[in-house]
Amino acid sequence: MGISVEGANKSFGDFQALDEVSIEVPDGSLTALLGPSGSGKSTLLRAIAGLETLDTGRVLIDGEDVSTKPTQKREVGFVFQHYAAFKHMTVYENVGFGLKIRKWKKGEIRARVDELLNLVQLPGLADRYPSQLSGGQRQRMALARALAVQPQVLLLDEPFGALDAKVRKDLRTWLRNLHEEMNVTTIFVTHDQEEAMDVAGQLVVMNQGRVEQSGSAADLYEKPANEFVMSFVGEVNRLGDDFVRPHDIEIVRDRDESTEEAMVQRIVALGFEIRVELVLGDGTEVWAQLTRGELQRLELREGQIAYLRPVHAKSFNGSAPSNSPGASTPQGSTDGGDAEVTAAA
Amino acid sequence: MEAHAANSPVAPPRARHFRLPGVGAGLGRGYVVLWLSIIVLLPLAAMLDKSLSEGVGQFWDQVTSPAAIQSLELILVCSLIVVAINAVFGTIVAWLLVRDNFPGKSIVNAIIDLPFALPTIVASLILIQLWGKNSPVGIDFALTRLAIVVALCFVTLPFVVRAVQPLLIEMDRDMEEAAASLGAGGATIFRRIIFPNLLPGLAAGVALAFARALGEYGSVLLFAGGKSDTTVASILIGQKIEQGNEVGAAAISIVLLLMALVCLFVITLIQRWGTRHERSQVNLAANPVITGATPQKGDERE
Amino acid sequence: MSVSRSTSSRWGLRFLGLGYIAVLLIAPLVLLFYKTFEDGLAAPWEAITSSDGLHALKLTLLTVVIAVPLNTIFGVVCSLLLVRHKWKGNWLIDAAINLPFAISPVVIGLSLFLLYGKQGWFEPGLAEAGIKVLFSTPGIILACIFVSVPFVVRETVPVLQEIGTEQEQAAETLGANAWQTFWRVTLPAIRWGVAYGVVLCTARVLGEFGAVSVVSGNISGETQTLPLFVEKNYENFNLPGAFGAAVLLALLALVVLMAMNLLKRKEAA
């Protein structure tokens, strides 16, 4: 069941939550809506579910325009950040809720609930109440509940946002595996770019109600459409008009025409990677990512002068990246210029 | 609120740190107990004493006299009817105040407390003006049993509304949306999701309303009066005092008091039951029926 | 918001709920004001400003001025005790405080009547001291204190629970003693809760009828509070007097409602 959104607009009073948003979600895919708070990603998800109505625009599920259909009829499974567990019902009654409404027989409900509880790895907890479960268990129950009625589409709104870091990582993997098994078209919302890149096949980056770019994780990382996307999906240094990733900054001991002079301010060891903070002659602060091996070879020390060379800088202002020796970059390029930078020392 | 209390670091009571300035906990306790004794407990004890002063037999006779039984039955039945009516209408009003938006909503919200702020005798007066002999709409049911019911509805409405309202405010809307995504329509959602979570508050509000209705005096006095078929227990007690039958008055008072105490006890049970599954934070100390405050949407997430 | 609610059911609910309130609460109140001033201000004003009327007003206000502060002090001390000091007997105190909610006003009046009456337990001692409780102001005040005991406590307890002990502990680490902590940290933190309780307490005292009726004997010009004034005048067919006093009390009630509303918002903020 592919999903399309065409020209969606939604305002809450003066606040424009969605601004001409159009996305395509292929059937069976696992897509992430990624963006900071207020970017409109949750609003978009809820509009697909029917929990918000669009001011203008359409939502199509499997080719059918469902924009005027109420949530009840859209057959979407929805998972909430804070679980939305029916506190007054047992786990069994929670998971079986959708089935009970569809008037399934007791035996059938029992069979399906058991099947799902096994799928989400909560066997034997059917008679507990949500308050007796941990956060991670509650979310898995919520997922089982949503899947019970075999929805066409599964929508998750920051599903791991309320959980501890470790639980979050575990559930991430688990969700990916589950998706591979079930193959239901799934969209989930997150502000955590690592989570999005880890789990989803397709990412849609949103900002201030607009779609900035959509594509695979690799696409977004290597060919960001603009500064926002580039800095959102990874760390970035700004050198004048250019943007360079920390691991794309090469540090060398000897100067040459392609290097710029900088002073090492601070060297921080973070696990296996080293973060070297430097400041350029004009005061710009930059940080480079090195491995331990590289650090040792360079024998860098704080307070020392070093020389940097950015490899793969990107520029988004429509002209070629500065200092590129006549490299041909298309005018008004939005896929970023990619060139070696030679320094004007 | 309870969530916070449960999560706040528990400082074990350290004997030497007195939260009562200048005095110790012991002295404070003594003051509190003394005050309560003089103001509340001793008078009640004196009443109990009086009711039995002529022996258990006389107590029993007074309480089982036809007039007494009729008055107690009358107020019981009327109170039950009234709380049933207000359970429904009180919930509707609370719903309107929380989930709906209409012009004048804040005025309506404030006016709910009117029966609470208005002296009961004034309530009686204005009710008899509207529904009595000189009624501008020509409807007259003063001095009837209907008048008792209407007066009691008037004074007990705020109890139910203010008990249900905070639960509605704090209710996790996600649950309703989840139910909708699973295919449940509006009525089903109310029946299976909203109502069960309102129940503890509603029950507590009803129990408080009931206790209040049992003893209501001022508002029925002028409006329903003391005719033979509209003499509720409280009015009968008043009559007996005037007649000098103190033992009789005291005896019936004790019975009435016991009935109301049962209500209070029931409320405590409801409170325990309500928090059994952590489904709703029914904290009587914060019960707006008594406190009148409407708490804001609190963060119950852990 | 997102859960669909059909327009017809929405209007149906509005009709039921708002209609109920309009008929039950608003209509009688409106009629009161109308009836009172129907023939002009003169008669009600005269009645209120008659010597009996003024006395009733003064007595009522006097009762408020004495009963409310006493119950406020009690309320704050008691809630501190209940919340900050775990004691086995706390549930008893709690239950005793709830009692006035469960007792009919006439029963309250009766119990005071019996305690301080001719054959009451305190009688000999009081007679010697020349203190007249019943049919006199002290009795009225005692009755009003009885009925309004719970309010300040009930309002302050949840606020105390909510703020927790951390602020007080911080004050102590900074060197404050118990009194300073209470005065500078605790009290400001609970002030809106206490204020709300005071308003409720005042409303209760102003409006108390049944209990006062029994203990005071309703003697015009002597032991008659404003609510009693209303009743007496009504029974004597002095409608302007009854209405005038009733309107005054209703106006006071509306002021109380406004205060409650204001404080609710302050408490929530």
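How many of the 345 residues of chain A count as buried, as a percentage? The share is 42%. The structure is a predicted model, and the tour below proceeds chain by chain before turning to the places where chains B and C meet.

**Stop 1: chain A**

Select chain A and colour it by secondary structure. The display should show 11 helices and 18 strands. Along the principal axes, the C-alpha trace of chain A spans about 80 × 45 × 35 Å. Contacts in chain A with a separation of 6 or more can be sorted by distance along the sequence: residues 24 or more positions apart account for 62% of them.

Next, select K103(A). This residue sits in the loop that lies between α4 (97-101) and α5 (106-119) of chain A. Its phi is positive, near 60°, although K103(A) is a residue other than glycine. Is K103(A) buried or exposed? K103(A) is exposed, because 7 other C-beta atoms lie within 10 Å, and the exposed class takes in counts of 12 or fewer.

**Stop 2: chain B**

Hide chain A and select chain B. Here there are 14 helices and 0 strands, so a walk from the N terminus passes through α elements only, as the pattern α-α-α-α-α-α-α-α-α-α-α-α-α-α records. Of the 302 residues in chain B, 53% are buried. Among contacts between residues of chain B at least 6 apart in sequence, 79% join residues at least 24 apart.

Now select helix α12 of chain B, residues 233-243. How many of its 11 residues are buried? The number is 8, and the helix is mostly covered. To display the buried residues of α12(B), pick A233(B), S234(B), I235(B), L236(B), I237(B), G238(B), K240(B) and I241(B). Both chains contribute to the cover. From chain B, it includes α4 (66-99), α10 (186-215), α11 (218-223) and α13 (246-274). From chain C, it includes α5 (105-116) and α11 (210-216). Following α12(B) is G244(B), with a positive phi near 85°.

**Stop 3: chain C**

Select chain C by itself. It has 13 helices and 0 strands, and its C-alpha atoms fill a box of roughly 70 × 65 × 30 Å along the principal axes. Buried residues make up 52% of the 269 residues in chain C. For contacts in chain C between residues at least 6 apart in sequence, the portion that joins residues at least 24 apart is 77%.

Then centre the view on F237(C), which lies in the loop between α12 (226-235) and α13 (239-268) of chain C. F237(C) is not a glycine, yet its phi is positive, about 60°. F237(C) counts as exposed because it has 8 other C-beta atoms within 10 Å, where 12 or fewer is the limit for that class.

**Stop 4: where chains B and C meet**

Show chains B and C together. In this interface, 90 residues of chain C are in contact with 88 residues of chain B. Which helix gives the most to the side of chain C that touches chain B? Helix α1 of chain C (residues 7-37) does, with 17 residues. By class, that side of chain C has 63 nonpolar, 15 polar and 12 charged residues.

For one helix pair across the chains, select α2 of chain B (residues 25-51) and α3 of chain C (residues 51-84). The two pack at an angle of about 125°, and their axes are 10 Å apart. That angle makes α2(B) oblique to α3(C). Their crossing is left-handed. To see the contact itself, select A25(B), G28(B), R29(B), Y31(B), V32(B) and W35(B) in α2(B), which meet F74(C), V77(C), C78(C) and L81(C) in α3(C). By class, this contact has 8 nonpolar, 1 polar and 1 charged residues.

**Stop 5: the nonpolar core**

The last stop is the largest nonpolar core, which holds 273 residues. The members that touch the most others are A151(B), L110(C), A143(C), F146(C) and A246(C). Helix α8 of chain B (residues 145-170) gives the most to this core, with 16 residues.

Finish by selecting L110(C). Leaving aside neighbours within four places in sequence, L110(C) is in contact with M47(B), I237(B), I241(B), A249(B), A250(B), S253(B) and V214(C). Two of these, I237(B) and I241(B), were selected earlier among the buried residues of α12(B).

Technical notes:
Residues numbered from 1 in each chain as written. Chains lettered and ligands numbered in written order. Predicted model: local features only at pLDDT ≥ 70, side-chain atom pairs only at ≥ 80, totals over all residues. Axes fitted to C-alpha atoms, helices over the stretch in contact; angles between N-to-C directions. Helix = DSSP H or I, 4+ residues; strand = E, 2+ residues; numbered from the N terminus. Parallel < 35°, antiparallel > 145°, perpendicular 65-115°, else oblique. Left-handed = near helix turned anticlockwise from the far one by under 90°. Contact = placed C-beta atoms within 7 Å. Nonpolar A, V, L, I, M, F, W, Y, C, P; charged D, E, K, R; others polar. Core = buried A, V, L, I, M, F, W, Y, C linked by C-beta atoms within 7 Å. Buried ≥ 20, exposed ≤ 12 C-beta atoms within 10 Å, placed from the backbone.
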